[in-house]
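Hi everyone, thanks for coming. I'd like to walk you through the pockets in my protein, and then stop at one residue.

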Amino acid sequence: MINDFYTAAYASKLENFERSIENIKGISPEAYNWVIQSEPVHWANAFFGGARYNHLTSSFGQQFYSWVSEAHELPITQMIDVLRGKMMETMYTRRVDSNQWTTKLTPSKEEMLQKETSVARSLQVFGSEGASFEVRGESAAAEVVDIENWDCTCRGWQITGLPCCHAIAVLECLGRSPYDYCSRYFTVENYRLTYAESIYPVPNVDRPVQDESALAVTVTPPPTKRPPGRPKTKQADSIDIIKRQLQCGKCKGLGHNRKTCKASLLPS
């Protein structure tokens, strides 16, 4: 059932998708209902209207998440510096690796194109009006290829960004190169441009080097809007103040001092 689910997700045609989910229905009607309720229009190739470039995954940022998990206990400034170092290393490694490639496409896409080219050799091409051609194999149904619009009824060309075997068969009959009909994002040239820029090292993240030529930037608090009306004031809690009473140094009485003591006025 899991294999049927993956087959349904990657199926480029609607009939192939329906065939796979019918197999799921025969095994588990509950699983079939779950697949339908999950809105396949958002994840199945058969319903996807744009170019997915052969990516169908929910873990696209797995590498970044692994970096964060390694540094999540560090203070925020140190964690950011760890992520900066990881990105700097990744960009440098990919730039160095891509400089050794000699093909026009990246290695993974070059391998995919060669596989489609091998299949294309067993196909027959029948010309039609304009830029449309009919392509047939020994057992597969006929597919219609539109060279000018980069379109094939198998939908493989549109979904992956690489010419499918039917399109390659037509291109070889026309004496054209399949490389001219690949998405530009798969070329080694564009891959190198992606990682051409560098992230420079930071000597000390706590005390970065001061560049005297750089303009000073003053960081101010974010602007706040004063609410309408009179501002509310908080009344201070009442504090009981205990006053120290006066004590006379002569008669030891309370409430007066030696100068105002009435005892001194009495006859002895």
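Before we start, a helix here is a DSSP run of H or I with at least four residues, and helices are numbered from the N terminus. Also, please keep in mind that this is a predicted model.

Okay, pockets. Why bother with a probe? Rolling one the size of a water molecule over the atoms shows where empty space is left.

So how much space lies in the largest pocket? About 470 Å³. It has 14 lining residues, and the closest to its centre are His55, Lys109, Tyr185, Tyr191 and Tyr195. Two helices, α6 (107–120) and α9 (188–194), each supply at least two residues of that lining. By class, the lining of the largest pocket splits into 7 nonpolar, 5 polar and 2 charged residues.

Now the second largest pocket, with a volume of about 360 Å³. Here 16 residues do the lining, and Ser12, Glu116, Cys154, Gly156 and Cys164 are the closest to the centre. Which elements give two or more residues to this lining? They are α6, α7 (156–160) and α8. The class count for the second largest pocket is 8 nonpolar, 5 polar and 3 charged.

Let's stay with α8 for a moment. This helix covers residues 165–174, and His166 sits in it. Is His166 buried or exposed? His166 counts as buried, because its relative accessibility is 12% and the cut-off for buried is under 20%. And what is around it? Apart from neighbours within four places in sequence, His166 is in contact with Leu123, Val135, Glu143, Val145, Cys152 and Cys154. You've heard one of those names already: Cys154 is among the residues closest to the centre of the second largest pocket.

Conventions:
Residues are numbered from 1 along each chain as its sequence is written. This is a predicted model: local features need pLDDT of at least 70, side-chain atom pairs count only at pLDDT 80 or more; totals for chains, interfaces and linings use all residues. Side-chain values use heavy atoms; hydrogens and water are left out. Buried means under 20% relative accessible area, exposed over 50%, partly exposed in between (1.4 Å probe, protein chains only). Contact means heavy atoms within 4.5 Å. On a 1 Å grid over the protein atoms alone, a cavity is a set of points where a 1.4 Å probe fits but cannot get out, and a pocket is an open set with protein on both sides within 12 Å along at least five of seven lines; lining residues have an atom within 4 Å of a point. Grid points are joined across faces, edges and corners, and a volume is the space filled by probe spheres set on the points. Ala, Val, Leu, Ile, Met, Phe, Trp, Tyr, Cys and Pro count as nonpolar, Asp, Glu, Lys and Arg as charged, and the others, Gly among them, as polar.
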